[in-house]
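Please open the model in a viewer and keep the sequence panel visible. The tour below proceeds by selection, one part at a time.

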Amino acid sequence: MGSIELVKVRKDFGGFAVINGVDLKVEDGEFTVFVGPSGCGKSTLLRLIAGLEDISSGQVLIDGKDVSRVGPSQRGLSMVFQSYALYPHMSVRNNIAFALKMAKQPKDVIEQKVKKAAGILNLTDYLERKPRQLSGGQRQRVAIGRAIVREPKAFLFDEPLSNLDAALRVQMRLEIGDLHQSLKTTMIYVTHDQVEAMTMADKIVVLNKGEVAQIGSPLELYNRPQNLFVARFIGSPTMNIATGPSAAKRGATTIGIRPEHVDVSATAGEWPAKVRLAEHLGSDTYVHVEVDDIGPMTVRLGGEAPNQPGQRIFVTPQEPRIHRFDQQGLRVGG
Amino acid sequence: MALQQTVGKRVGMTALAWIVGFLIFFPILWTFLTSFKSELDAFSLPPKFLFFHWTTENYAEVQSRSDYFSFAWNSIILSVGANLVGLIVGVPAAWSMAFAPTKRTKDLLLWMLSTKMMPGVGVFAAVYFIFQYLGLLDNRIGIGFLLFMANLPILIWMLYTYFKEIPVDILEAARMDGASLVNEIIYVLTPMAIPGIASTLLLCIILSWNEAFWTLNLTTSHAAPLTAFIASYSSPEGLFWAKLSAASTLAIAPILVLGWFCQKQLVRGLTFGAVK
Amino acid sequence: MATQQTTTAGRLLVAPSVILLFLWMIVPLVMTIYFSTLHFILTDPDSRSFIGLQNYIDFLSDPDFLGALRNTLVLVGSVLVISVVGGTLVALLMDQQIYGQSIVRLMVIAPFFVMPTVSALIWKNMLMNPVSGLFAWLAQSVGLTPIDWFTNAPMLSVILIVSWQWLPFASLIMLTALQSLDEEQKEAAALDGVGAIPFFFYIVLPHIARAMTVVILIETIFLLSVFAEIYVTTNGGPSTTNIPFLVYELAQHSYDVGGASAGGIVAVVLANIVAFFLVRVVGKNLEN
């Protein structure tokens with residue numbers, strides 16, 4: 001069991017609310033990702049759940065029990081740190097075994113659990129090494145191994161992949177996904193990378209300035225962003241935004257349209273525009289255009305589109321795909 | 001890549017540096033050499049630098065006449081003991097200031113530093129009376145306590161600067177792993193900070209070993225360390241240079257070696273982390 | 001940033017040190033202040049009585065005090081100049097590309113580790129003895145009359161001894177500061193054709209200025225309470241008695257506890273003036 005619930009959680013640092021009244025329920029076994037720009041409070045929120053920081057007001061419930069005043073060592077959670085935070089003076093074996101030793105488990109049980117974790121994480125050959133003798137990916141695995149041997153109620157990941165190079169990041173992303181599949185334990189994962197969030201999460205919590213901007217599945221966030229902030233934050237390249245007459249005639253202050261939902265024509269369309277640059281990715285082409293009276297937009301075209309800088313074209317948003325927002329930046333209509 | 005100097009300039013600079021270094025070191029070298037001379041050779045003019053009859057009789061003499069080892073033993077007990085106790089009190093304090101700082105931590109650190117700056121002589125009479133009242137004059141516990149207190153600010157400061165370099169993540173990881181505070185300090189912090197703790201201890205031992213106000217004034221024989229023992233040679237009745245040299249060599253050699261080992265930490269400790 | 005739990009633990013763990021240091025500071029200080037208001041002569045216990053600030057008036061108007069104050073200032077000032085200027089020069093020399101730098105460094109730093117009583121005795125006897133000392137022999141061999149150091153120039157002798165102990169300290173710290181000077185700055189300066197002397201004044205000196213301040217302040221603290229060197233060499237006298245030694249003599253020889261306590265408070269005040277500046281310099285450094 002490992003459901004986690006936050007009730008009106010608030011955290012002040014020196015009179016300033018870093019977390020401003022967050023309500024949230026993470027179901028048992030769910031993979032939840034906290035995402036947001038830096039400074040949005042996502043790591044703080046994770047540390048509040050871990051017990052490494054005190055909440056200023058509100059409640060943290062684990063399996064329905066209020067743990068707001070319980071120390072981190074008593075909450076039954078495991079955490080993987082951004083820096084891995086391995087014990088530099090201990091071998092891999094002792095790093096993994098440390099929590100079990102602290103829990104005074106019998107030697108043979110410890111031995112067995114360490115062996116099992118090392119097996120899962122391909123660390124069996126490295127058990128006697130010190131952390132400094134390992135590569136980044138291996139250290140990452142040790143950190144995860146240290147977390148799993150405790151059989152925690154939930155895993156907390158604090159930007160665990162940000163110190164790895166791009167290729168390794170994709171691989172570890174898959175490994176953490178597999179781990180979640182096989183352990184079926186609750187995981188809370190903090191990242192600033194919306195691609196990581198979209199690919200891994202059952203549920204995404206988008207945070208902005210210490211408040212929850214939206215909670216939902218990846219596709220919900222993509223298809224129905226509840227506000228401009230989420231609309232802009234989720235999706236790559238970012239959503240195109242237009243204000244003025246083209247928004248007004250659709251009954252909104254602001255409209256948004258994703259780059260992949262814009263049609264291009266050389267002869268006719270809603271918005272006349274000038275091509276600034278075409279980025280050829282092979283599978284896709286991102287055409288950056290300057291729309292007259294609106295400003296820069298990105299258009300995503302399948303395959304190899306032959307646009308040249310300076311060329312005049314017309315771009316037209318696909319009507320059903322348009323997101324409409326009111327003056328407060330909140331979603332209008334369905 | 002450092003700039004390349006001409007070989008000539010480099011040789012010149014080397015010669016100059018070695019001469020300066022030698023001159024600064026010379027009194028110590030001279031003491032060392034003299035300690036192996038006979039008293040006659042020690043006084044001879046012109047001085048005999050290397051070509052004299054080498055003898056170790058002074059060392060034997062120093063011991064038999066003045067019971068050198070009981071003073072040396074006091075020095076060791078006092079400087080090591082006082083600072084080991086210092087570590088027991090200081091490590092938790094430094095942990096607290098490095099990893100659980102409050103708004104007042106900075107002021108607290110600076111206040112500790114300022115207690116170090118109180119000249120001992122300022123409160124000499126008061127301390128003397130307190131010691132007399134408690135029966136601590138010429139007592140190892142008493143003088144050890146003084147040395148402990150005198151070093152505590154420096155000890156905490158040094159430990160603090162070392163602890164600050166340990167990523168707090170690792171201690172938090174230990175907390176997440178279920179370690180209690182005591183276990184966190186014993187199994188995680190201390191092993192990681194061993195080099196820092198060791199050099200702190202070394203520097204503090206050096207400072208205690210050489211402390212020469214309280215040790216001269218509050219001890220006579222029973223608890224007297226080497227500072228007091230050497231001072232007894234200043235009495236004018238006999239000029240036993242060779243024996244003085246032997247005693248001095250014995251008194252400074254161990255600390256010189258320790259000091260050479262921890263020069264870098266010395267800078268940090270004595271400047272309270274202001275110069276690294 | 002931490003939890004209530006760690007903050008509480010932190011307070012608990014720092015408490016023993018704070019309490020001990022507080023007692024260590026306050027108890028003797030309060031007693032000293034109390035004694036300083038008493039007529040309190042050890043050999044005449046019956047005459048003990050409250051006399052207000054009389055001890056301070058006596059101490060401060062005592063010609064010995066003015067002499068001791070002068071001696072203190074001369075000693076501190078001279079040693080500071082010698083050790084800081086000399087130490088910087090030695091550090092600059094060691095910072096050159098020389099062969100065997102580490103050995104030179106060992107030799108230079110060594111005197112700092114010599115206990116004060118030992119260095120005082122070595123210098124007094126084996127180097128400065130007017131008949132058989134090495135200096136006397138050197139003077140004679142170049143045809144000069146040997147100086148009777150402690151008779152004719154006692155203060156200078158003490159200054160030399162104390163400087164010998166503190167110059168290594170200054171050298172070591174200056175060297176550490178010099179070595180942290182960015183190598184690329186040196187290369188840039190060389191490429192720009194900056195001469196050695198402008199380079200020193202415009203680049204090196206500002207870089208080591210803070211280290212120099214720290215050296216000056218720390219040395220001042222220690223030099224204000226020089227004791228053992230005087231105790232073993234001249235044992236006081238009008239030209240070398242400094243304030244610590246005067247206080248010591250009042251207590252140990254005149255048994256004047258009241259006077260010694262008043263003198264002690266004066267010494268504490270003097271040291272605190274310096275400490276105030278040192279604490280500010282160090283405190284500034286603590287910010288980053």
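Begin by selecting chain C, which contains 13 helices and two strands; helices (H or I, at least four residues) and strands (E, at least two) are DSSP runs numbered from the N terminus. The model is a predicted one, in which local features need pLDDT of at least 70 and side-chain atom pairs count only at pLDDT 80 or more, while totals for chains, interfaces and linings use all residues. Residues are numbered from 1 along each chain as its sequence is written, chains are lettered from A and ligands numbered from 1 in the order in which they are written, and side-chain values use heavy atoms, with hydrogens and water left out.

**Chain C as a whole**

Turn chain C about its principal axes: its C-alpha trace spans about 80 × 75 × 30 Å. The radius of gyration of chain C is 24 Å, whereas a compact globule of 288 residues would have one near 19 Å. This radius is taken over C-alpha atoms, and the globule rule is 2.2 Å times the number of residues to the power 0.38.

**Chain C against chain B**

Next, add chain B to the selection. Here 99 residues of chain C are in contact with 106 residues of chain B, contact meaning heavy atoms within 4.5 Å. About 9,300 Å² is buried between chain C and chain B, and carbon and sulfur atoms give 78% of that area. Buried area is the accessible area (1.4 Å probe) that two parts lose on being put together, summed over both.

Within chain C, display Trp24(C), Gln97(C) and Phe113(C), which lose the most area to chain B and together account for 9% of what that side buries. Then colour helix α1 (residues 4-36) of chain C, which provides 21 residues, the largest share of the side of chain C that touches chain B. By class, that side has 71 nonpolar, 20 polar and eight charged residues. In this classification Ala, Val, Leu, Ile, Met, Phe, Trp, Tyr, Cys and Pro count as nonpolar, Asp, Glu, Lys and Arg as charged, and the others, Gly among them, as polar.

How many residue pairs are in polar contact across the interface of chain C and chain B? The rule finds nine, with both residues at pLDDT 80 or more. A polar contact is a pair of N or O atoms within 3.5 Å; within protein, one must be able to donate a hydrogen and the other to accept it, and residues adjacent in sequence count only if both atoms are side-chain atoms. The count of salt bridges between chain C and chain B is zero, a salt bridge being a side-chain nitrogen of Lys or Arg within 4 Å of a carboxyl oxygen of Asp or Glu.

**Chain A against chain C**

Now select chain A together with chain C. Seven residues of chain A are in contact with five residues of chain C, and the two chains bury about 460 Å² between them, 50% of it on carbon and sulfur atoms. Show Phe13(A), Glu53(A) and Asp54(A), which supply 63% of the area that chain A buries against chain C, more than any other three residues. Across the interface of chain A and chain C, the rule finds zero salt bridges.

**The two domains of chain A**

Keep chain A alone and colour domain 1 (4-230) and domain 2 (238-325); these bounds come from an automatic or database domain assignment. Their contact takes seven residues from domain 1 of chain A and eight residues from domain 2 of chain A. The C-alpha centres of the two domains lie 38 Å apart.

Domain 1 and domain 2 of chain A bury about 560 Å² between them, 60% of it on carbon and sulfur atoms. Tyr222(A), Pro225(A) and Leu228(A) supply 82% of the area that domain 1 of chain A buries against domain 2 of chain A, more than any other three residues. Helix α7 (residues 218-223) of chain A gives three residues, the largest share of the side of domain 1 that touches domain 2.

**Local stops in chain A**

Select Glu30(A) and Lys203(A), which form a salt bridge whose closest N and O atoms are 3.2 Å apart. The pair links distant parts of the chain, 173 residues apart: Glu30(A) is in the loop between β2 (16-26) and β3 (31-35) of chain A, and Lys203(A) is in strand β9 (residues 203-208) of chain A.

Move to Pro237(A), in the loop between α8 (228-233) and β11 (240-243) of chain A. The peptide bond from Ser236(A) to Pro237(A) is cis, with omega near -5°.

Finish at Asn122(A), in the loop between α3 (107-120) and α4 (136-148) of chain A. Phi of Asn122(A) is near 55°, a positive value in a residue other than glycine.
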